[in-house]
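Subject: Structure handover and findings

Dear colleague,

Please find below the structure I promised to pass on to you. My notes on it follow directly after, and I would be glad if you read them with the coordinates open.

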Amino acid sequence: MEVDRPQDNLVPDIVVEEADAQESGKEPYNDEQPCYFPPELVDRCTKNSNIMYYCYLIELKENFSYDFPVHDIVLVVRSELEPDIGSFNFDLDVENGSLKVNFKYIDVIHLTPDQVLLCRRFQITVLRVLIDRNLNKLKEVLDGYCLDDNHEIDYLLLPATGKHHRSLIIDWECVVSTEFSCGKACECHVQCGSKGYARRIQTKDGPVCTCMLRNSLVYTPHNGYVYCITGILGLNGNAPLRLRDGRIVTYKKHYEERHGIKLCFDHESLLSGRHIIQAQNHLQRCRKQKEKESSNKFVELPPELCSIIMSPISITTFYSFSFVPSIMHRLESLLIAFNLKKMLLDHHCVQNDLIPTMKVLEAITTKKCQEKFHLESLETLGDSFLKYAASQQLFKTYQNQDEGLLSVKKEKIISNAALCKFGCGRKIPGFIRTEPFDPKMWIIPGEKSGSNALNEELLSNNRKIYIKGNRKVKSKRVADVVEALIGAFLSTGGETAALLFMYWMGIKVDFHITPYERHFQVHAEELINVRCLESLLNYSFHDPSLLVEALTHGSYMLPEIPRCYQRLEFLGDAVLDYLMTLHFYNKYPELSPGLLTDMRSASVNNDCYARTAVKFGLHKHILHASQDLHRHIVVTVDSFEKLSSESTFGWESQTTFPKVLADVIESLAGAILVDSGYNKEIVFQSMKPLLEPLITPETVVFDPAKELNELCQQEHFNMEKPIKSTNKDGASITIMVEADGKLFRHTATVSDKRIAKKIACKAVLDALKKHIAMTRAPEVGKR
């Protein structure tokens, strides 16, 4: 396991300041926070000269079958995108497969103001129709539309021709479809009538050539719908139509009865119309937004009821553009992450330029976004590293303070309140993604609305960003993102990158080695079996008195042993937590975010460590002078014989272990860390054999309380607040869950309330699983 160590000149030699200096939470946090929008997609429009754009091709490749294919889309933006953004690719979730999206840079192009205006009208029309599936808002948006000099979202989305040369890549024939008029359609009829297959058909706005009706967007005022016309049918208004109630009437009769409309051109051929596909969120994980594929997906329309909005434009174009909101939301999110990364680089953290923007995006994406990735794994990793970094810094800095004071100081550095304040100081809340993408709330580029106004904000002296509104962000969420960002920089740039990020945030720690000043005038061999312990730990101590300190309980105090194991336990707790988390993260890179957290929790806890201590006989080496502790250890060792010794992890144990057993595992890890010059690799290689077999994704055992809570949320069961009481037999916990009208209840009474809760939750959980298995599909309720 590689663990990077920063060079001395990379991080300023600054120690953690006094507790009050880094203490946070005294000022009230305002959860009303801005929502940032990337400046790369914002610009002032100019009306008097050609405008330079950077042209990108959005290649779409479907891994599914559908009624019609997709085609590529052209994106033109005012700012050149960074290489890792301008060439990125990802998959969108489609009901019966996936859509591969790939960005490819083409070249620079110049557009006149008139061309820009035409392109904007095209994209606003297409995207507004796809989002609303009516024309109500579109008319309001396009009425009097023009270019102005205000800050606005300035990029264009246009249909591609399939020819990837910059001068030929845009399908201008499709773009000008918004300029359709019946007068122009009649002029075209003169040209195509000679070909023998075109003729004029009467529409609501006048006669139109059939070549202009095929592949057009029409509006039917009688019901307010819009349709794509895919062809001319061999039916007319007098053809029979079977209704839902089984009756058969003519189309002419149906429109008179249903809509009160008398068809005047009942001998005209009907049009084959397709309902507009609605833009959906294709970024959601396990999305189940199944489009209704009913028999009236295609409809027969009398042309005299149709008003042409766009022509020529195919259903394929509309289908391809239905993915655009999801594609652009991902691009906007990536650009937000990129701006956060660049803000750090502005402060001379050049090393962190190597961090993939996608990893930063993962760190600012919460679980509520319901996408295929979110911050939980990085948060778990960052939390463990932060805890270790702060603990080792405090341990080295305050060498004469006991574990209690060190814990207080650490809490004031790594608490949620402190991390939230650090995050707010660097404007992190504006970058956080907190909600699932809603296409209806997406801002269509070029569309003008008071609610879409952007406000400029300075991130630093030379970097600006835009605010597109406010939303509520909980302080805990800000703290989570700070930890996840630490994890992002750690996972891709190593400890140096993480420390640089933390220093930029205001968390001032370093990994400089400071001599550990102690006054232990002891001969370790006279108190403990050094050779036996070194053999067990597979490590030879330079200073064996550290072993004595690591095994000395607070009840065993001699003049030559001035302190007990608690300081080393404080350090060892943090390093073991970090090393185990890092091991799982690196060994199982495909772990789901939640599973990493579960594996860490099931491996790094007092029960696991205590079982390890008994399994390897470490309890025999503890120096203590407490009869009560001795009795407790004896009882524990006796009961341990009845427990499975195959593993040292999980939540199965219903035995209460003396805390000292877990403490010595942590204090021994701390002792090895100090003695080895803070070499974490040596600590891991020494402690790993004691903790084996390590947990795997297949053997992980979940915390019953957490699993019960998740099951109740998933199945919408009502879980009551636990009832707690104390009696002569110990602590009593009652867990109650109401499910499907039945009450599931269990009370557990043991000496330890934590164990009592675990037993009660497991009993109720098992009963609920049995209930679900008997009443529902077999897969329901499984994790």
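To begin with one helix pair, the axes of helix 21 and helix 22 come within 11 Å of each other and cross at roughly 85 degrees, an angle that makes helix 21 roughly perpendicular to helix 22. On the helix 21 side the contact is made by Arg-611, Val-614 and Lys-615, and on the helix 22 side by Thr-636, Val-637 and Phe-640. Please keep in mind throughout that this is a predicted model.

Helix 21 (residues 606–615) deserves a further word, since eight of its 10 residues are buried, so that it is largely enclosed by the rest of the structure. The buried residues in helix 21 are Asp-607, Cys-608, Tyr-609, Ala-610, Arg-611, Thr-612, Ala-613 and Val-614. What covers them includes helix 19, helix 20 (593–603), helix 22 (627–640), helix 23, helix 24 (680–691) and helix 26 (753–775).

Two of these covering helices, helix 19 and helix 23, are also joined by a salt bridge, in which the side chains of Glu-569 and Lys-659 meet at 3.3 Å, N to O. Glu-569 lies in helix 19 (residues 566–587) and Lys-659 in helix 23 (residues 659–675), so the pair ties together parts that are 90 residues apart in sequence. As for their surroundings, Glu-569 is buried, with a relative accessible area of 10%, whereas Lys-659, at 48% relative accessibility, counts as partly exposed.

Salt bridges occur elsewhere too, and the structure holds 38 of them. One is formed by the side chains of Arg-78 and Asp-154, at 3.2 Å from N to O. Arg-78 lies in the loop between strand 4 (73–77) and helix 2 (83–86), while Asp-154 lies in the loop between strand 7 (151–153) and strand 8 (155–159), so this pair ties together parts that are 76 residues apart in sequence. Asp-154 is buried, and its relative accessible area is 1%. Both residues belong to a network of salt bridges that links Asp-43, Arg-78, Arg-120, Glu-152 and Asp-154.

A salt bridge within a single helix is provided by Asp-132 and Arg-128, whose side chains meet at 3.2 Å, N to O. Because these two residues are four apart in helix 3 (residues 113–132), about one helical turn separates Asp-132 from Arg-128. The general background is that an α-helix has 3.6 residues a turn, so residues three or four places apart point the same way. Asp-132 is partly exposed, with a relative accessible area of 23%, whereas Arg-128 is buried, with a value of 4%.

A second helix pair may interest you for its geometry: helix 13 (residues 403–414) and helix 14 (residues 416–425) pack at an angle of about 40 degrees, with their axes 5 Å apart, which makes helix 13 oblique to helix 14. In this contact Lys-412, Ile-413 and Ile-414 of helix 13 meet Asn-416, Ala-418, Leu-419 and Phe-422 of helix 14.

Turning to the strands, there is an open sheet of three strands in the order 1-19-18, with antiparallel pairing. Its edge strands are strand 1 (32–37) and strand 18 (455–460), each of which pairs on one side only, and the twist averages 55 degrees from one strand to the next. Strand 18 and strand 19 (residues 463–472) pair in the antiparallel sense over five bridges, and Ser-460 has Arg-463 in strand 19 as its bridge partner. Helix 10 (residues 324–345) lies across strand 1, strand 18 and strand 19, running at about 125 degrees to strand 19.

Finally, some totals for the whole chain. The protein has 26 helices and 23 strands, and buried residues make up 56% of its 783 residues. Of the contacts between residues at least 6 apart in sequence, 75% join residues at least 24 apart. The protein exposes about 34,900 Å², of which carbon and sulfur atoms supply 49%.

With best regards

Methods. Residues numbered from 1 in each chain as written. Predicted model: local features only at pLDDT ≥ 70, side-chain atom pairs only at ≥ 80, totals over all residues. Heavy atoms only, no water. Pairing = 2+ DSSP bridges. Axes fitted to C-alpha atoms, helices over the stretch in contact; angles between N-to-C directions. Contact = heavy atoms within 4.5 Å. Buried < 20%, exposed > 50% of the residue type's maximum accessible area, 1.4 Å probe, protein only. Areas by Shrake-Rupley, 256 points an atom, 1.4 Å probe, with all protein chains shown as cover. Salt bridge = Lys/Arg side-chain N within 4 Å of Asp/Glu carboxyl O. Parallel < 35°, antiparallel > 145°, perpendicular 65-115°, else oblique.
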